[in-house]
Amino acid sequence: MSTRNYFDIEKRLKALSDPNLQIQTIGIIKEYPMYQVSLGTPAPGKTNILLTAGMHGDELAPIEAILQFLESDLSEIYKNFHILFIPCINPTGYIANTRENSKGDDINRAFESDTVPEANLIKYALQDRTFAAHLDMHEDYDANGTYFYEQHKQSEWLAPSIAQKSKKIGPLNTESDDDTDEEGLIVEGVYKVSLSWGEVGLSPYVFAHHANHVIITETASTSWELDRRVAVHLLAIDEVLKHHHPE
Ligand SMILES: [Zn+2]
């Protein structure tokens, strides 16, 4: 089993030079800080967006996508958006290259309890905050292509058009998954974030308490090379921002 160095992420966060980015520690997991990065602050005329990655430590592309996005020119985006990034929710899982944290907990099944520190830190960081949209980025070892989940209040489905655009990067997933039963299917490659899931996962938790629109991206972590997976997540970020652009 490969292991990774968390310092690789910290080094890139600390090297960010955009003066509108503020890096803070949400809390410490073992000796590893969980970071949040804010682009600007909430302000009239700006749309609040939440971007999260690294919930599962063996899903590398979402973390890389957030880092590349943060390293890009954000000056135009800053004018219109306040974005809260949580680039690596699960530092101990990232280091060990495991889905779960070092205690064996799947953080994305822990948002209805208060027993998993990473989930508690996220809840604390999000309290009293609202977002026009939340994008939670993941990968799937069994998938052979990209797929998405989405849920919203009072807007149109967005993920179907992202799915169509993502076909330029690579095909949509065709592997069936027992977890994504047919009644949740919106169109090829897009499923609903089901209310039947409760609030155990971050995306339904945020949808219940902090955002009117949630999307989950899933890329094929074993069958696609990293660059193409990152490109899908960056496309999703771009499309979410375009969709929620103020005015
Ligand atoms: Zn995941």
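Strand β5 is mostly covered in this predicted model, since eight of its eight residues are counted as buried. Along this strand, A133, L135, M137 and E139 point one way, while H134, D136, H138 and D140 point the other way, and the residues of both sets are buried. In a regular strand, the side chains alternate between the two faces of the sheet.

The neighbours of β5 come next. Strand β9, which spans residues 213–220, runs parallel to β5, residues 133–140, and is joined to it by seven bridges; within this pair, M137 stands opposite T217 of β9. Strand β3, residues 47–52, also pairs with β5 in the parallel sense, here over four bridges, and L51 has L135 of β5 as its bridge partner.

These strands belong to an open sheet of nine strands with mixed pairing, whose order is β1-β2-β4-β3-β5-β9-β6-β8-β7. At the edges stand β1 (21–29) and β7 (185–187), and because each has a single partner strand, one side of each is left without a neighbour in the sheet. On average, and with direction ignored, neighbouring strands of this sheet are turned by 20° against each other. Helix α5, residues 117–126, lies across β1, β2 (32–39) and β4 (81–86), and runs at about 145° to β1.

From the sheet we can turn to the nonpolar core. The largest such core has 68 residues, and the members that touch the most others are I49, A65, I66, F148, I215 and I237. Helix α2, residues 60–71, contributes eight residues, the largest share of this core. In soluble globular proteins, nonpolar side chains tend to be buried together. For I215, once its neighbours within four places in sequence are left aside, the contacts are L135, F148, Y149, E150, L158, A159, A236 and V240, and one of these, L135, is the residue of β5 already met as the bridge partner of L51.

A last feature is the meeting of two helices, α6 (residues 159–166) and α8 (residues 226–243), whose axes come within 10 Å and cross at roughly 140°. How do α6 and α8 lie relative to each other? An angle over 145 degrees would count as roughly antiparallel, but the axes cross at roughly 140°, and the two helices are therefore oblique to each other. Their crossing is right-handed, and the residues that meet there are I162, K165 and S166 in α6 and V232, L235, A236 and E239 in α8.

Conventions. Residues numbered from 1 in each chain as written. Predicted model: local features only at pLDDT ≥ 70, side-chain atom pairs only at ≥ 80, totals over all residues. Pairing = 2+ DSSP bridges. Axes fitted to C-alpha atoms, helices over the stretch in contact; angles between N-to-C directions. Contact = placed C-beta atoms within 7 Å. Buried ≥ 20, exposed ≤ 12 C-beta atoms within 10 Å, placed from the backbone. Core = buried A, V, L, I, M, F, W, Y, C linked by C-beta atoms within 7 Å. Parallel < 35°, antiparallel > 145°, perpendicular 65-115°, else oblique. Left-handed = near helix turned anticlockwise from the far one by under 90°.
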